[in-house]
Amino acid sequence: MPSSTGSGWVQLRQQTRSLEAQTDTLFHAYSRFASAPNLPPKPTEEETKTETQIQELLEKRETLISQLTRLLDSESLLTASALKQNNLSRHRETLLEHRHTLTRLRASISESRQRANLLSTVRSDIDAYRSANPESAEADYMLDERGRIDRSHGVADSVLSQAYAVNEQFGVQREMLGNVQRRIVGAAGKVPGINGLIGRIGAKKRRDGIILGGFIAFCMLVFLYFM
């Protein structure tokens, strides 16, 4: 009898775990309907089939858990292990969790479908109103065009403002460089011999320029002569 009970327990647990895995797979497929961007007004055949399969799996698992419970109750207190009690409790908790998940997904899908239907109805009403009132539709079009033009002007104004700000920063930097240059020149004028040194450097540059220019002219004359 204990052997028969043990084998029955193992088989029932294997079936329960298999159904739990199948339920997880179907939940993954069912959750895609909740996140779909545009749900049809009525559930599709695939959606209805998936929900029905989940519900059937939950009922089968409920039956298996009841059988496990009766099997465990039929064992004596000495043979009933704490591990079996924990396994049974875990199966019950998983079943309850999956029932809550189904309820939550079903509500989410229903809410998404109602939202999509509402948006579709509003668009249909707007299209019908514009078809019945072409003057109003033209006015709406003109308002949309005006809004786009205003946004374009706003972008242009923003670009011009940035350009003016950059130009102003350049002016400030030029003024700062001019002040630094004047300070350097003023400080150099106060140091004895600096002006003379600067003058000699300038004169040397002019002399070097004259020499270089004369050399280039001489080379050109020699070149022309041999041509």
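**Figure 1. Helices and strands of the protein chain.** In this predicted model, the protein chain has five helices and zero strands. Read from the N terminus, the order of elements is α-α-α-α-α. The chain has 227 residues, of which 20% count as buried. Among contacts between residues at least 6 apart in sequence, 77% join residues at least 24 apart.

**Figure 2. Helix 2 and its buried residues.** Helix 2 covers residues 45–74. The helix has 30 residues, and the distance from its first C-alpha to its last is 44 Å, close to the 44 Å expected at 1.5 Å a residue. Its buried residues are E47, T50, I54, L57, L58, R61, L64, I65, L68, T69, L71 and L72. An α-helix has 3.6 residues a turn, so residues three or four places apart point the same way. Charged side chains on the buried list include E47 and R61; the surroundings of each are shown in separate views below.

**Figure 3. The surroundings of R61.** R61 belongs to helix 2. Although R61 is buried, it has no salt bridge. The nearest side chain of opposite charge is that of E20, at 4.1 Å; a salt bridge requires a side-chain nitrogen and a carboxyl oxygen within 4 Å, so this pair does not count as one. Two polar contacts involve the R61 side chain: one of 3.1 Å to the side chain of T23, and one of 2.7 Å to the side chain of H98. With residues up to four places away in sequence left out, R61 touches L19, E20, T23, T94, L95 and H98.

**Figure 4. The largest nonpolar core.** This core holds 22 residues. The members that touch the most other members are W9, Y30, I54, L88, L102 and I109. Two or more residues come from each of helix 1 (2–34), helix 2 and helix 3 (82–132). One of the members named above, L88, is in contact with W9, I65, L68, T69 and L72, leaving aside neighbours within four places in sequence. Of these contacts of L88, I65, L68, T69 and L72 are on the list of buried residues of helix 2.

**Figure 5. The salt bridge between E47 and R113.** The count of salt bridges in the model comes to five. In one of them, the side chains of E47 and R113 meet at 2.7 Å, N to O. E47 lies in helix 2 and R113 in helix 3, 66 residues apart, and the pair links distant parts of the chain. Are the two partners buried or exposed? E47 counts as buried because its relative accessibility is 4%. R113 also counts as buried, at 8% relative accessibility.

**Figure 6. The salt bridge between R99 and E62.** The closest N and O atoms of R99 and E62 are 3.6 Å apart, and the two residues form a salt bridge. R99 is in helix 3 and E62 in helix 2, so the salt bridge ties together parts that are 37 residues apart in sequence. R99 is partly exposed, with a relative accessible area of 28%. E62 is partly exposed as well, with a relative accessible area of 36%.

**Figure 7. The salt bridge between R115 and E111.** Here the closest N and O atoms are 3.3 Å apart. R115 and E111 are both in helix 3 and four residues apart, so about one helical turn separates them. The relative accessible area of R115 is 44%, which makes R115 partly exposed. E111 counts as partly exposed too, at 48% relative accessibility.

**Figure 8. T50 and its contacts.** T50 is a residue of helix 2 and counts as buried, with a relative accessibility of 7%. Leaving aside neighbours within four places in sequence, T50 is in contact with L26, Y30 and F33. The C-alpha atoms of T50 and Y30 are 6.4 Å apart in space, while the two residues are 20 residues apart in sequence. Y30 is also named among the nonpolar core residues that touch the most other members.

**Figure 9. S35 in the loop between helix 1 and helix 2.** S35 is found in this loop. It is exposed, with a relative accessible area of 59%. S35 and S108 are 73 residues apart along the chain, and their C-alpha atoms are separated by 8.7 Å.

How values were computed
Residues are numbered from 1 along each chain as its sequence is written. This is a predicted model: local features need pLDDT of at least 70, side-chain atom pairs count only at pLDDT 80 or more; totals for chains, interfaces and linings use all residues. Side-chain values use heavy atoms; hydrogens and water are left out. Buried means under 20% relative accessible area, exposed over 50%, partly exposed in between (1.4 Å probe, protein chains only). A polar contact is a pair of N or O atoms within 3.5 Å; within protein, one must be able to donate a hydrogen and the other to accept it, and residues adjacent in sequence count only if both atoms are side-chain atoms. Contact means heavy atoms within 4.5 Å. The expected span of a helix is 1.5 Å times one less than its number of residues. A nonpolar core is a set of buried Ala, Val, Leu, Ile, Met, Phe, Trp, Tyr and Cys residues joined through side-chain atoms within 4.5 Å.
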